[in-house]
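Me: Could you walk me through one spot in this model that I could zoom in on, and then show me how the rest fits around it? I work at the bench, so please explain the terms as you go.

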Amino acid sequence: MHVKFKHLAGALALAGIITPSHANPEIDALRAEIAQMRQQYEARLAELEARLKDAEGRAAPAAQPTASDRLGALTSGAAFNPQISVILDGVYYRDNKKGKGPELYAHLDGINHSHGGHDHGHELERGFNLRPTELVFSATVDPWFDANLMLTVDSHGGVELEQAYFDTRSLPAGLKLRGGKFFSGIGYLNDKHPHQWDFVDQNLPYRTLLGEHGLMDTGLQLTWRPKTGSLYTLLGVEALQGNEQLFATAGLATPTSPRADGSPLAPTRAGELTGKKAGPRLWTAFAKFAPTLSDDHALQLGVWGGWANQHQEVHDHTLEDPGSLVHALEGKSRLWGLDAVYKFDAPGAYGAGDFSLNAEYLREVKDLSIAFHEIGSRVGQPRKFTQDGFYVQGVYGFAPRWQAGLRYDITGLTSKVDGPAGRLREWDDSNRWSLAVTHHFSEFSRLRLQASSARLAVDGNRERLNEFWIQYQLSLGAHGAHKF
Amino acid sequence: MTRAFWAILLALTAPLAWALNVVATTASMGMLTRSVGGPGVNITVLAPPDRDPHQLQAKPSMMRALRDADLVVAVGAELEAGWLPAALDAAANPRVLPGRLGYFEAAAQVPLLEAGLPADRARGDVHPMGNPHVHLDPQRMADIARALAERLARLKPEQAADFRARAEGFAGSVQARLPAWRTQAAGSGGAVLYHKDGVYLLDRLGLPLLGTIEPVPGVPPTARHLAELTDRLRGRRGVVLYHPYQPAQGPQRVAEALGWKAIAVPMEPPVSASAEDYFRLIDQWVAALVQAK
């Protein structure tokens, strides 16, 4: 007990915790040494601090004149990851035909009347529908290329590759080359994605002459912006494969027995479809012009053409009409169109007072001849299919974040087939009025109400179709571009 | 022979090198380029000064101007995210793409306020790398002018000294005016802004930002947000500032409820502004802020 206490006292004394009531020469010496060290240390510290201050003082004014500029852009995108954006798109749909509206559109009369078999899967139901979700990835590959990928995923999980292309970055003289699968640059609306449309659905001339998505194919696109003073000029040519387009399809098989209705082909049949030609089988050319107007106004006018050097069609309507004869056609087709866009940018906030008007005219001619027929003597006869259409639409920002749009679209102003001895068939036109009101909650979300009233020509009958839509669109991820 | 070749090449390229075609995204960037570049530059401004620079669309006329530009002077930090990348993409001019010598971003030259906030759109149209509205801070504009002089010097080395001298001249004018602006603004109670676009000036003058009319950036005001704002600020001194392109109802409602003034101040100087016009814009802002005394 006693021993323990003595040791504790010694330890405390050594640690300098106990005040020196009884002096110890050893401790005093240690203390003196520490004090001396502290003094030296503090002096050295003060010296270093003074030197630092001095150096800083000299460095600060020196930094000013050597101002340097930094290259590049500040962006929130992670350095090497592609920019990703996702568009969610859902609609509530009703019509006055117990949900048969979408089917009527799929069977509109005209030169591209659906031949059964290759209807698109985006069937609309009465009520809630999730439309294909768009996924877009884009990035700069290296100093020479940009790349872009767009997938859509439908509500059943079906994935479709809509676009996958590269763009050159470094070509001189205002040239740019695009390659891969992409929306063609023809017309005004063709390369707009559904989330950039001002209406829920595709317009009638596009739907019937180009297809529900517009013209989208695999190939190359070369664009050139020549120096034309204050006039903006864009010239482009495209060499496309010509796959599964309404006016450019190749590689179809010559019909064989049995026919769609199950009975064998007539013994009088003759002819056959030729093989698939090497691509490109579809060429397009387009030109866009925009004068420089005052800041509030923008105008762009365009003209385009498309030429398919091989197009094949097989007609087997025997299931609906057993009296009809199976035949196949082959030849070339051509299209052309005009487009005009005018936009007024009002000083109002959030798009209030902004106005845009755009219109396009499209005309398609399929110059075909009979390549196969159940009545063999008809092989070789020419058949010329012609159809045209236009749409006009205007959108006005009637309040901040609110837009009202009105559209009139018509297809089949001319809609006919000519044979060697004149007109063989003619169809009625289909036309429609649509009114859409859109509310933009922010730049990234919107809600749209649309009502349409259409007079459609289906199997020679006039159908009056009224439709009503409520649509939401949400955009996640990268900030979308405000394209013209 | 070789000498003759070089002489011909020089003769051919000399007129090209004569005037630099600069495209400025906003009027203030145009002003800065004009002040630093002097007579050696041709300037085209893309965004009209009375429009919200967030909301513009990539128009063909912009692509036209960018097609032949030697230099783009942008505010940056994604202020022009909606339209400048799209217009640059369509213009097919490799010289002015981001990362190249022909692309200059003002926001990349100076430290930004509000940098590093979460990239969460629930907070509105946010800019996680910082608030891009640097142009209302004269001090930062002076720093940007110096960086711009360096860039112009890299593009046109023969005029480097002129560019640097003009940038120093601009910086000197800012230095000469700053004390007066500070003194004048001292004692102001601060401001409620429509959008967080005047924060750099408030910060420079040492004044508080009392709130924003927008609940989150890029989203129009709601009645509830305005009521909360008013309740929070009751009894304080301040002024509500907004731009002519922003709706006046919200600012006026808040100002009325608080017994303050709601003042419309322009965001940008005129399209062909000189440095003096820009200083007058700052004068106008300071004069408006003084109303909160």
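Reply:

**A close look at one tyrosine**

Tyr206(A) lies in helix 4 (residues 204-210) of chain A. Helices here are DSSP runs of H or I with at least four residues, strands are runs of E with at least two, and both are numbered from the N terminus. Keep in mind that this is a predicted model: local features need pLDDT of at least 70, side-chain atom pairs count only at pLDDT 80 or more, and totals for chains, interfaces and linings use all residues. Residues are numbered from 1 along each chain as its sequence is written, while chains are lettered from A and ligands numbered from 1 in the order in which they are written.

Is Tyr206(A) buried or exposed? Tyr206(A) is buried, because 23 other C-beta atoms lie within 10 Å. The cut-offs are 20 or more other C-beta atoms within 10 Å for buried, 12 or fewer for exposed, and anything in between for partly exposed, with C-beta atoms placed from the backbone. Leaving out residues up to four places away in sequence, Tyr206(A) touches Leu189(A) and Gly214(A); a contact means that the two C-beta atoms, placed from the backbone, lie within 7 Å. Phe390(A) is 184 residues away along the chain, yet its C-alpha atom is 8.6 Å from that of Tyr206(A).

To place this tyrosine among the cores, start with the largest nonpolar one. It has 104 residues, of which Leu66(B), Val72(B), Ala87(B), Ala145(B), Leu148(B) and Ala191(B) touch the most other members. A nonpolar core is a set of buried Ala, Val, Leu, Ile, Met, Phe, Trp, Tyr and Cys residues joined through C-beta atoms within 7 Å. Domain 1 (2-175) and domain 2 (183-290) of chain B both contribute residues, so this core lies between them. Beyond its neighbours within four places in sequence, Val72(B) is in contact with Val23(B), Leu66(B), Val96(B), Gly102(B), Tyr103(B) and Phe104(B). Our tyrosine belongs elsewhere: a second, separate core of 18 residues includes Tyr206(A) together with Ile186(A), Tyr188(A) and Leu209(A).

Staying in chain A, look at strand 1 (residues 83-95). It pairs with strand 19 (residues 461-477) in the antiparallel sense over eleven bridges, and there Asp89(A) stands opposite Gln473(A). Strands count as paired if DSSP finds at least two bridges between them. Strand 3 (residues 133-142) of chain A also runs antiparallel to strand 1, with five bridges; Val86(A) has Leu135(A) as its bridge partner there. Strand 2 (residues 127-130) of chain A joins strand 1 through four antiparallel bridges, where Tyr93(A) is partnered by Gly127(A).

Now over to chain B, which has ten helices and eight strands. Of its 293 residues, 55% count as buried. Its radius of gyration, 21 Å, agrees with the value near 19 Å for a compact globule of 293 residues; the radius is taken over C-alpha atoms, and the globule rule is 2.2 Å times the number of residues to the power 0.38.

The two domains have bounds that come from an automatic or database assignment. Their C-alpha centres lie 27 Å apart, and 28 residues of domain 1 of chain B are in contact with 27 residues of domain 2 of chain B. On the domain 1 side, helix 2, helix 5 and helix 6 of chain B each supply at least two residues, with helix 2 giving the most, at six.

That makes helix 2 (residues 27-37) of chain B a good second stop: eleven of its eleven residues are buried. Among what covers them are strand 1 (20-24), strand 2 (41-45) and helix 10 (275-290) of chain B. Just past the end of helix 2, Gly38(B) takes a positive phi of about 65°.

Finally, the two chains meet: 49 residues of chain B are in contact with 38 residues of chain A. Helix 3 (60-67), helix 4 (84-91), strand 4 (103-105) and helix 5 (138-155) of chain B each give two or more residues to the chain B side. That side has 27 nonpolar, eight polar and 14 charged residues, where Ala, Val, Leu, Ile, Met, Phe, Trp, Tyr, Cys and Pro count as nonpolar, Asp, Glu, Lys and Arg as charged, and the others, Gly among them, as polar.
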